Amino acid sequence: APSFTNVPLTIPTNTKPFNMSPSKKQKTDNGALWELDEETMNSGAVGFTASQIFMKNPACVAYTYDDVIMMPGHINFGLNEVDISTKLTKKISLKVPFVSSPMDTVTEHKMAISMALQGGIGIIHSNFTMEDQAEEVRKVKRFKNGFITDPICLSPSSTVGDVIELKEKHGYSGIPITDNGRMGGKLVGIVSNRDITFVDDRTMKLEEIMTPRDKLSVAKQGVELIEANEILKETKKGKLPVVNDADELVALIARTDLLKNIEFSQASKDHVTKQLLVGAAIGTRLEDRDRAAALVEAGVDVIVVDSSQGDSLYQLDIVKHLKASHPKLQVIAGNIVTPLQAIHLIQAGADGLRVGMGIGSICTTQEVCAVGRAQASAVYHVAKFARKHGVPILADGGIKSTGHITKALSLGASCVMMGSMLAGTDEAPGEYFYQDGVRLKRYRGMGSIEAMSKGSEKRYVWENNSAHSVKVAQGVSGAVQDKGTLLRYIPYLVQGVRHGMQDAGVKSLDETWEKLYNDELRFEIRSPAAQKEGGVHGLHSYQKRLF
């Protein structure tokens with residue numbers, strides 16, 4: 001057998017070096033890294049450019065995220081250096097490119113608060129009445145980390161039995177007492193566990209045993225968390241009411257919550273008010289103009305015009321109305337999948353575009369209506385076009401893993417919108433239930449008959465007349481597995497995306513898009529066998545844990 005030891009390495013001298021990025025030539029301690037020759041680069045040996053795959057496409061094939069795989073790049077930076085900050089719209093920036101979908105089994109105020117605290121944003125669904133949706137927005141805006149802005153209150157005429165019932169239901173008994181028994185009423189006292197421990201008469205009025213207002217330690221509205229913490233330390237109390245100048249209760253601080261409190265440095269906040277950012281969805285009917293006005297009054301930062309097919313006269317009209325009536329409001333229009341749809345919405349004044357049609361796990365639009373597009377192709381083409389006009393795009397749907405998120409961002413999306421990925425978390429609406437020993441939560445498409453009966457039919461039917469008395473479902477109802485709290489789940493998603501970007505050799509989303517459009521970021525199309533090979537295979541059984 002021939003020996004390969006001590007065989008000298010020869011470098012061809014007749015090949016023309018190919019410089020992928022002359023202005024950013026990577027260095028080592030020994031000088032510049034070698035570069036591949038042009039023939040090898042163009043042979044497909046290191047993958048293909050996005051334009052070759054999506055634009056020079058003789059087979060006329062559209063691709064999903066699973067069809068595409070990214071080629072690895074050179075790593076010369078640490079994981080902690082990867083920057084995933086981005087833009088949601090022309091004027092709204094996020095530290096984390098994650099958006100929760102405006103679905104009634106995904107985003108209400110709890111989800112929106114948690115998403116914003118961790119650098120993303122939540123979009124409140126529109127299957128509420130106008131007043132209730134606006135109140136959901138207010139709850140997010142009122143939230144201040146460490147402050148309870150909607151505590152349970154009782155009145156002086158309430159009884160010890162009421163306190164005991166609340167303790168059994170919620171697990172605590174430190175309850176503020178206001179003159180009307182509601183949040184926002186004048187603070188008159190507080191009842192704690194020690195006040196009721198030795199009271200046998202459950203009918204005794206709280207005014208007889210509560211700690212009165214003149215003996216309470218309180219903080220004034222506007223107090224900072226650090227200052228409130230010091231007051232609790234000095235007074236050694238378990239609860240600290242926060243009141244305004246009229247002595248009305250505006251918040252409550254609990255020592256137990258304060259001890260568990262985490263400072264979220266990545267939080268998405270308004271630079272002026274320091275309130276969390278939040279979005280809300282509306283339809284395209286005339287009554288949605290009043291809904292939008294109520295949401296703006298409540299403090300909403302961005303409105304998503306929610307429609308299964310965004311390139312319609314109805315959507316163009318409402319986008320123009322929103323931009324004319326509320327000039328400072330950011331508006332995301334959609335859903336769309338082609339540049340032809342995009343140009344009309346950009347012309348109408350959209351600040352962002354929502355891309356995706358019929359590709360969600362619970363969506364049947366492509367099956368029922370025969371219209372839509374594979375998501376990887378849709379994201380690439382719309383993002384490439386919208387970039388010329390400075391409009392960010394939001395990849396909505398089809399996300400099943402951190403790999404899909406990384407692919408969406410690498411194909412030009414500024415953010416990803418997720419439904420099923422977030423539906424099984426603690427912060428999603430609904431209660432957990434068990435099926436075959438698995439802990440689940442309900443999840444349904446807004447095109448399902450169940451959701452449409454609650455109001456979401458306006459997403460699919462834009463006119464309000466009798467011609468549409470027969471509902472055609474474009475979604476299904478189902479269940480998703482428990483994913484725990486977003487406080488653990490979002491950091492896992494963030495870290496997964498950072499790993500993917502590091503492996504691809506890009507430090508930021510701006511660098512990713514620069515390399516994408518300069519044909520430096522490389523991809524390949526995977527065969528069905530390659531897709532199978534890229535997942536778990538060849539095992540009798542296995543356990544999959546995300547984190």
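Is serine 508 buried or exposed? At 18% relative accessibility, serine 508 counts as buried, because the cut-off for that class is under 20%. This residue sits in the loop between α17 (486-504) and α18 (509-517). Leaving aside residues up to four places away in sequence, serine 508 touches Asp83 and Met501.

The model is predicted. Its pLDDT averages 89 over the protein, and 90% of the residues score at least 70. Over residues 1-7 the pLDDT is below 50, and this stretch has 0 contacts beyond near neighbours in sequence. Residues 9-28 also stay under 50 in pLDDT. For residues 9-28, however, the model has 25 contacts beyond four places in sequence.

The protein contains 19 helices and 24 strands. Of its 547 residues, 50% are buried. Among contacts with a separation of 6 or more, 65% link residues 24 or more positions apart. The accessible surface of the protein is about 27,300 Å². Carbon and sulfur atoms contribute 51% of that surface.

One open sheet was examined in detail. This sheet has 3 strands in the order β12-β13-β14, with mixed pairing. β12 (219-220) and β14 (249-254) stand at the edges. Each of these two has a single partner strand, so one side of each is left without a neighbour in the sheet. An edge position in the sheet did not leave β14 open to solvent: 5 of the 6 residues of β14 are buried, so the strand is largely enclosed by the rest of the structure.

Strand β13 (residues 239-243) runs antiparallel to β14, and 5 bridges join the two. Strands of a sheet pair through backbone hydrogen bonds, either parallel or antiparallel. Among the bridge partners, valine 242 is matched with alanine 251 of β14. Valine 243 is matched with leucine 249, also in β14. The hairpin of β13 and β14 has 5 residues between the strands. In this hairpin, aspartate 247 takes a positive phi near 65 degrees.

Helix α7 lies across the sheet strands β12, β13 and β14. The helix runs at about 130 degrees to β13. Asparagine 229 belongs to α7, which spans residues 225-235. With a relative accessible area of 27%, asparagine 229 is partly exposed, because this value falls between the 20% and 50% cut-offs. Asparagine 229 and isoleucine 253 are 24 residues apart in sequence. In space, their C-alpha atoms are 8.8 Å apart.

A second helix, α13 (residues 375-387), was also considered. α13 has 13 residues and reaches 18 Å from its first C-alpha to its last. This span is close to the 18 Å expected at 1.5 Å a residue. α13 is mostly covered, with 11 of its 13 residues buried. The buried residues of α13 include Gln375, Ala376, Ser377, Ala378 and Val379. Tyr380, His381, Val382 and Ala383 are buried too, as are Phe385 and Ala386. An α-helix has 3.6 residues a turn, so residues three or four places apart point the same way.

Note on methods. Residues numbered from 1 in each chain as written. Predicted model: local features only at pLDDT ≥ 70, side-chain atom pairs only at ≥ 80, totals over all residues. Heavy atoms only, no water. Helix = DSSP H or I, 4+ residues; strand = E, 2+ residues; numbered from the N terminus. Buried < 20%, exposed > 50% of the residue type's maximum accessible area, 1.4 Å probe, protein only. pLDDT = per-residue confidence, 0-100. Contact = heavy atoms within 4.5 Å. Areas by Shrake-Rupley, 256 points an atom, 1.4 Å probe, with all protein chains shown as cover. Pairing = 2+ DSSP bridges. Axes fitted to C-alpha atoms, helices over the stretch in contact; angles between N-to-C directions. Expected span 1.5 Å × (residues − 1).
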